[in-house]
Amino acid sequence: MKEFYFIAIVVIVFVVIFQIAKASEYVSVLKGEEKSRKQNNKINAFLMIAFLVFGLFGAWYCNELYFSKTLFPQGSASVEGEKIDLMLYITLAVTGSVFIITQVLLFWFVFNYQEKDGQKAFYFPHNNKLELLWTTVPAIFLTVLVVFGLKYWFKMTAPAPADAVVVEITGHQFAWEMRYPGTDGKLGKKNYKLYNQPSGNTLGVDFEDPESWDDLHTTEMHLPVGKSVKLVINAMDVIHDVGLSHFRMKMDAVPGIPTTMWFTPKYTTEEMKKRTGNPNFVYEISCDQMCGKGHFSMRGVIVVESEADYKNWLAQQKPEYLTFYPEKDPTNKKTETVDSSMVSTPIAQTVSMK
Amino acid sequence: MSTATLHETTHHDTHGDAHHDHHHQETFITKYVFSQDHKTIAKQFLVTGIIWAIIGGLFSVIFRLQLANPEATYPWLEDLLGHWAQGGKLQPEFYYALVTMHGTILVFFVLTAGLSGTFANFLIPLQIGARDMASPMLNMLSYWFFFLASVIMMSSLFVQTGPASGGWTIYPPLSALGDASSGSKIGMDLWLVSMAMFIVSSLLGGLNYISTILNMRTKGMSMTRMPLTIWALFFTAVLGVLSFPVLLSGAILLLFDRNLGTSFYLSDIVVAGKILPNEGGSAILFQHLFWFLGHPEVYIILLPAMGMSSEILSVNSRKPIFGYMAMVGSLFAITILAFLVWAHHMFVTGLNPFLGSVFVLLTLLIAVPSAIKVFNWLTTLWKGNIRFTPAMMFAIGFVSLFISGGLTGIFLGNSALDIHLHDTYFVIAHFHIVMGVASFFGMFAGVYHWYPKMFGRYLNNTLAYIHFWVTIVGAYLIFWPMHYEGLAGMPRRYYDFSNWESFKMFGSLNQFISIVAMIVFAVQILFVINFFYSIWKGRKVKDLNPWNANTLEWTTPLRPGHGNWPGDIPEVHRWPYDYSKDGKDFIAQDVPVGADESKH
């Protein structure tokens, strides 16, 4: 019933507006079309300048309301992201002034040069000097922006520092999985054909490669503060995107084509809670490339912590290899042998697939 | 004046371009359905475009409902959509289908076919002084291929697994694998086939527009005397003819990957627990093929709006367009650059950083011709004598929106900044303003300006002014705050933000945007009512040249028949922008140059 009333009201409003509009046409015929046209002209010219004034006020008001909700007042959470913030402010200054100048000119001109009795338009077909001016001035400003932009772009896309912490992140519909290289600092080989859901080898790790034996497989990402981090990015099924808005970082995860990006976290999660005044603050990984029906829920969490806490957390993680082959676990000697044989069966199948 | 007498007289043609024989009896079918008259075909494109625009707009209203209130349920939605809105709640799959179809419909079916198809068809012969297109037959086929594409796309809305739902950019592997998304099942095949038909339509149209402009101009109509509308439509057609075939090839390869087991875009994939055999393909290859069309496509949408706005701004400020040659030159520069910037959509795909830097440079270079155009429009208005016809209002709105949306392109084109802004609401705000709303404004300007020529009647002015003011205020209210959501990193194409600590604070803003979007949509319906009502009941046009414009279309009879001019095609003696010259309000193009006339 509610819907019915809603539709009825909408229809009535439409009919009323339409009737008024129709009537205004007859009124203008009675008044003289030329006279009512001139009246309309005046009204619209006034509305144009009013639109400018209210529009600029609205832009200011919108900024008051929402700038504090963007990530810029709190600053970049990564060292490299500071460059992006600086770029944003430079670009904002240039485009902001162009925006105000051109919009003011546009609406001022249309208001000021509205049709008036006796006013003659000025025949002004071209002027090479003026045209040269507004070809070169934008070109100069853009050169500045390009130079700044590319300087930072090459810095950010340069190879990661050699001592960077390496973490592998893999996207699949609809979650993220991490792999840490363990004590040897090297990630073991992978082959997507070794993927085995029931066994838990969801990344297709090749356990015949000794480098994989100390690798850690986690669902949360922990990072030490103040150290460069290099992410090796993979996807199992469709294209995903590792979006780290607090760090101003983003990179696609493409099946079959591993990508990388690196950055240096500046603040721990706890520090960010204070900086933002939000006790629930978390660094979130958002999937920024449309990946299917669960795209909007493909959320990951990063915990940035002190080096000591990070080492502590790493030490608590059990290498994935030992979950698959508990008999190799030195802390697990001669116990639960029955269980271990059960667990290892799927792995045997997986390896035999090769 | 009856059409029969018009047809009698089309044969008195001094230029001797032997025209079709019109003595045969025209039936309803040949006159209104399978018509070869460019004016009728233009109207067919326009009406089909309007129908698509209502559907595409309605889709956005439905998915904005979800964004406004993710928790709410609407029982009537279930009545309307069945299992797509189980329990009155839009399902994520269908949300994505709506988003995808909204983009596809508005980019291709409305702002490409609806805009170019309408105005290239309508204006090219009328403004260059030709009796019809170079090939009226291909022109007719162009519409009917578009119609076929429309039918196929429409049918995909009714298949059980739903229409395509991987975004209008249909990136594989998502679009290639039925297991990855239900929209990638039969709906995706229909999407691809429909687009193939659409591309055929676009090519038939484009080739026709180019050959007509190059070969069929009336006596005296040199290229530099063409109105800017024609220049813009010419470059639009060139862009389409050179870039659409690349999308076609990309789409065909995707069809192969989907149905014939090839691996053009697929490699190392495990989907829904299944290990696929495909190896060696590149998912990124598709993006290159897609954006090689996709970026020119932006200008295919924008250039006609620029051309029509230039013409309308000049006519209604009673001044020549400022810097005609610079306007043509900047259109040309934009056309060339449009082909060299596609990878700026791919800065975060793992693209080689050096290659990325080249695309940054070329992308920001486009700002130069764009700036020239803006300043030339401003100077055209300066010291004018401005009449606020509805068309003029929309043309002014176009300039305002083009500035606002164009400037944010400078943020996104700079790769370092794009890392943060890519695929956020900032992008949505940018392209909706500059390519969506701005070209819609160009299109509205065109409809209001040439409606008297199309239908011999006027649209209702009061409704037009309401339409303009609500739309421009609404458009800014919808898209301006989205920049802030984007700066906060809020990603595109999310069904629900409420579980995200980083993005959930924009809930009330999303609600506000949705309400404004619905009001703006309602006002577009008002325009549609005005449009159809006025075809039959509008105020009749009595003046042959209601806007006192210089271009040739206003030298035709009130309701021109097939062939456009009953007698000779007028000869052209001057450029189309002699407004307020030598104290005369306007001097039409077919007026010979007087002996004492000053040169411009």
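In what order do the five strands of the open sheet in chain A stand? In this predicted model, the order is E3-E2-E1-E5-E8, and the pairing among these strands is mixed. Strand E3 (216-218) and strand E8 (259-263) of chain A occupy the edges, and because each has a single partner strand, one side of each is left without a neighbour in the sheet. From one strand to the next, the twist averages 25 degrees. At one end of this order, strand E5 (residues 229-235) of chain A is joined to E8(A) by five bridges, the two strands running antiparallel, and within this pair Val232(A) stands opposite Thr260(A).

The chain in which this sheet lies contains eight helices and 10 strands. Along the principal axes, the C-alpha atoms of chain A fill a box of roughly 105 × 60 × 40 Å. The radius of gyration of chain A is 31 Å, whereas a compact globule of 354 residues would have a value near 20 Å. Of the 354 residues of chain A, 35% count as buried, and among the contacts in chain A with a separation of 6 or more, 67% are accounted for by residues 24 or more positions apart.

Chain A is divided into domain 1 (24-115) and domain 2 (165-352), and the C-alpha centres of these two domains of chain A lie 47 Å apart. Contact between them involves nine residues of domain 1 of chain A and 13 residues of domain 2 of chain A. On the side of domain 1 of chain A that touches domain 2 of chain A, four residues are nonpolar, four are polar and one is charged.

A further strand of chain A, E6 (residues 240-244), has five of its five residues buried, so this strand is largely enclosed by the rest of the structure. In a regular strand, side chains alternate between the two faces of the sheet. Both faces of E6(A) are covered, with His240(A), Val242(A) and Leu244(A) buried on one side and Asp241(A) and Gly243(A) buried on the other. Five bridges join E6(A) to strand E7 (residues 249-253) of chain A in an antiparallel arrangement, in which Asp241(A) stands opposite Asp252(A) of E7(A). The hairpin formed by E6(A) and E7(A) has four residues between the strands, and Arg248(A) there takes a positive phi near 60 degrees. E6(A) is also joined to E9(A), again antiparallel, by two bridges, and here Val242(A) stands opposite Cys287(A).

Following strand E9 (283-287) of chain A, the loop that leads to strand E10 (299-305) holds Gly292(A). Gly292(A) counts as buried because 26 other C-beta atoms lie within 10 Å. Not counting residues up to four places away in sequence, Gly292(A) touches Gln173(A), Phe174(A) and Val238(A) in chain A, together with Leu174(B), Ala180(B) and Ser181(B) in chain B. By contrast, Gly118(A) is 174 residues from Gly292(A) in sequence and 64 Å from Gly292(A) in space, C-alpha to C-alpha.

The contact between the chains takes 102 residues from chain A and 103 residues from chain B. The largest share of the side of chain B that touches chain A comes from helix H16 (residues 461-487) of chain B, which supplies 11 residues. By class, this side of chain B has 62 nonpolar, 29 polar and 12 charged residues.

Key. Residues numbered from 1 in each chain as written. Chains lettered and ligands numbered in written order. Predicted model: local features only at pLDDT ≥ 70, side-chain atom pairs only at ≥ 80, totals over all residues. Buried ≥ 20, exposed ≤ 12 C-beta atoms within 10 Å, placed from the backbone. Contact = placed C-beta atoms within 7 Å. Nonpolar A, V, L, I, M, F, W, Y, C, P; charged D, E, K, R; others polar. Pairing = 2+ DSSP bridges. Domains from an automatic or database assignment. Axes fitted to C-alpha atoms, helices over the stretch in contact; angles between N-to-C directions. Rg over C-alpha atoms; globule rule 2.2 N^0.38 Å.
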